[in-house]
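Reader: I'm new to this one. Could you show it to me and explain the words people use for it?

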Amino acid sequence: MEVAVSRWPQRPAGFAYGGDYNPEQWPQSVWADDIALMREAGVNLVNLGIFSWVLMEPAPGEFDFGWLDRVLDLLHEGGIAVDLATPTAAPPAWLSHREPTIRPVTRDGVRLGGGARASFCPSSPAYRAAAARITEELGARYGNHPAVVLWHVHNEYGGHVPACYCDNSAKAFRDWLRARYDGLAALNDAWGTTFWGQRYGDWAEIDVPRRSSTAVNPTQQLDFLRFCSDELLACFRAERDILHRLSPGVPVTTNFMASTCKYVDYWAWAREVDVVSNDHYLRSAEPENYIDLALAADLTRSLAGGAAWLLMEHSTSAVNWQPRNIAKRPGELRRNSLAHVARGSDSVLFFQWRASRQGAEKFHSAMLPHGGTATRIWHEVVDLGADLQRLAELRGSTVLAPVALMWDWQSWWALELEWRPSVELDFRSALDTWYGSLWRDHVTVDFVHPEADLSRYRVVLAPSLYLLTDAAARNVAQHTREGGTVLVGPFSGVVDATDAVHRGGPPGPLRDVLGISVEEALPLRAGEQVHLSDSTTANCWAEVVTNLTAEVVLSYLDGPAAGCPALTRHRYGAGSAWYLSTRPDPVSAVLRLVYGEAGLVPADLPDGVEVIHRTGGGHEYLVAINHTDKPVEIAANGEELLTGVACHGLFSIPAGEVRVVRS
């Protein structure tokens with residue numbers, strides 16, 4: 001599978017530091033103060049113009065860039081580089097008024113209103129034409145501006161309206177299907193339309209999967225989700241290609257939401273951006289939300305193919321849209337930021353520079369809070385800017401992981417359609433549980449697509465692989481045969497790319513590799529537990545595993561699968577393939593068996609301490625983050641870059657602090 005290739009901006013020289021800048025929300029008299037304060041904080045990159053379409057084009061075809069000219073010149077004079085956005089995530093009111101069909105339609109047939117952002121149909125010809133026009137104007141005017149080092153297309157594609165069910169979308173969906181299938185016969189076969197008498201005799205008969213009397217054809221829904229991701233990607237490509245033509249040499253990106261956006265297949269998108277960037281916001285009410293942060297950073301690094309990536313947005317403190325917008329505690333801003341750096345980000349950017357006085361995000365934290373420069377947050381922002389300058393030599397270094405976790409958006413979509421065996425068997429709970437266990441064992445992971453190159457990993461884990469292609473199965477088999485260790489989780493290898501059950505049932509084309517068959521799935525009742533032969537418990541799910549050539553490692557002691565294997569191990573070529581047919585709580589014992597076989601031993605580190613290694617320039621950098629409220633000691637040798645202290649053997653990390661050791 002093709003991987004992303006990064007084209008990093010030529011400036012700034014060190015870590016990029018800054019965030020979204022919205023000067024249009026403030027009088028021009030404030031702009032000079034902003035530049036001065038940015039320099040004080042060490043800001044060297046800002047994202048500009050993201051929601052400014054109506055200011056750039058106040059009426060159809062009438063453009064006003066005078067204000068933007070002044071801001072760009074001020075930033076350039078202040079030594080601050082610009083990631084200039086196309087403002088197409090915020091269509092102006094005049095556009096939706098003149099062309100009401102650009103507004104998206106829900107599955108229930110409700111056309112959404114305005115007054116928000118991202119209220120557009122990606123299949124709307126009127127929207128696409130208007131988006132191309134403003135992008136042309138921006139590219140022609142600023143393609144060679146010395147301040148512009150990066151282009152930022154749109155904002156968080158799919159974050160608010162991942163799918164539109166209007167007539168324009170239906171027409172585009174039919175066109176997409178014609179390109180995917182070699183005629184209606186092939187589509188009918190793939191969709192299994194003999195079921196419920198759904199066979200189509202004309203392309204015009206096919207509709208988007210609107211709300212219906214009961215469950216809609218699942219393959220139709222799956223293809224529609226693929227189409228929706230592709231339509232958004234087509235919008236990005238159109239703007240990107242204009243910018244490449246008018247602003248050659250300046251890389252183009254768009255901000256992903258890698259760990260939270262279910263309905264965009266970022267593996268496909270990562271190949272289309274010049275540099276991968278990501279937005280991440282803490283689930284502020286969760287006590288160990290830094291584990292989710294680590295997952296998001298590892299996933300983004302993996303989408304970038306191991307190359308450097310941009311942390312495009314995160315928050316200095318509270319966000320504005322969660323049920324309880326918990327403020328970050330002293331030091332948390334720094335820990336969060338450097339945790340992203342530890343896992344491969346070469347930037348620390350926030351939403352936003354100056355807190356808004358009006359609008360829906362006025363209670364969202366910022367680098368410069370409502371209280372100004374007398375605030376704790378401002379002082380932490382200034383201190384972080386100085387820290388990043390001390391750590392500048394880490395830029396360009398890489399993170400190497402011995403373990404791969406399989407993550408497939410399309411399998412996620414298929415697993416969670418209607419009428420699956422259990423609503424509890426969802427994709428993210430499996431991924432989060434396995435990842436959390438690895439994090440606590442201090443095992444660094446990459447995420448991989450099931451068809452990606454696995455050769456550099458000692459262990460490959462597939463917590464949830466409901467949809468399994470033949471190519472992915474061959475990939476897993478080859479990796480195992482050549483000496484790899486693989487663990488596959490329950491209800492995997494169930495269906496192919498058309499959501500048709502593999503012949504013979506699960507685990508489908510992995511049957512020979514795993515040395516098992518699954519005779520029957522046995523969902524558990526809410527709250528029900530089963531006991532395993534290692535004295536642990538499991539929940540949610542059990543299976544009748546039969547036709548064994550694999551050895552039984554753990555069995556069910558009770559429940560609907562009593563006496564059946566719960567965990568098996570199968571020698572296959574030079575490697576071994578494990579199968580886990582339930583969800584143990586915790587899963588750590590199983591994972592340790594598997595990666596222990598591959599020679600991986602959990603690091604001897606205190607609980608709540610995160611240690612990541614970056615390598616580059618002939619050095620290794622150990623980034624240690626203490627998430628606890630007590631000092632801890634870890635072993636390291638070298639120079640600590642943030643304090644300048646030499647480390648020999650054990651050294652102390654104060655409560656809530658970060659240390660970076662170069663060896």
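Author: Here is a short chat about what the terms mean for this chain. It's a predicted model, where local features need pLDDT of at least 70, side-chain atom pairs count only at pLDDT 80 or more, and totals for chains, interfaces and linings use all residues. Residues are numbered from 1 along each chain as its sequence is written, and side-chain values use heavy atoms, leaving out hydrogens and water.

Reader: How do you know whether the radius of gyration agrees with a compact globule?

Author: The rule, taken over C-alpha atoms, is 2.2 Å times the number of residues to the power 0.38. For 663 residues that puts a compact globule near 26 Å, and the chain has 26 Å, so the two agree.

Reader: What makes Asp604 count as buried or exposed?

Author: Its relative accessible area decides: under 20% is buried, over 50% exposed, and in between partly exposed (1.4 Å probe, protein chains only). Asp604 has 79% relative accessibility, so it counts as exposed. You'll find Asp604 in the loop between α17 (588-597) and β22 (609-616); helices (H or I, at least four residues) and strands (E, at least two) are DSSP runs, numbered from the N terminus.

Reader: And why is Phe491 called buried or exposed?

Author: Phe491 has a relative accessible area of 9%, so it is buried. Phe491 sits in the loop between β13 (485-488) and α16 (511-514).

Reader: What is notable about the phi of Phe491?

Author: Its phi is near 55°, a positive value in a residue other than glycine. Most residues other than glycine have a negative phi. Asn547 also has a positive phi, about 55°, but Asn547 is exposed, with a relative accessible area of 57%.

Reader: Why is the pair of Tyr157 and Phe236 stacked, tilted or edge-to-face?

Author: Rings of Phe, Tyr and Trp (its six-membered ring) pair if their centres lie within 6.5 Å; planes under 30 degrees apart are stacked, over 60 edge-to-face, and the rest tilted. The structure holds 32 such aromatic pairs. For Tyr157 and Phe236 the centres are 6.5 Å apart and the planes at 85°, so the pair is edge-to-face.

Reader: What makes that pair a tie between parts of the chain?

Author: Tyr157 lies in the loop between β4 (148-153) and α6 (167-180), and Phe236 in helix α8 (residues 218-246), so the pair ties together parts that are 79 residues apart in sequence. Both Tyr157 and Phe236 are buried.
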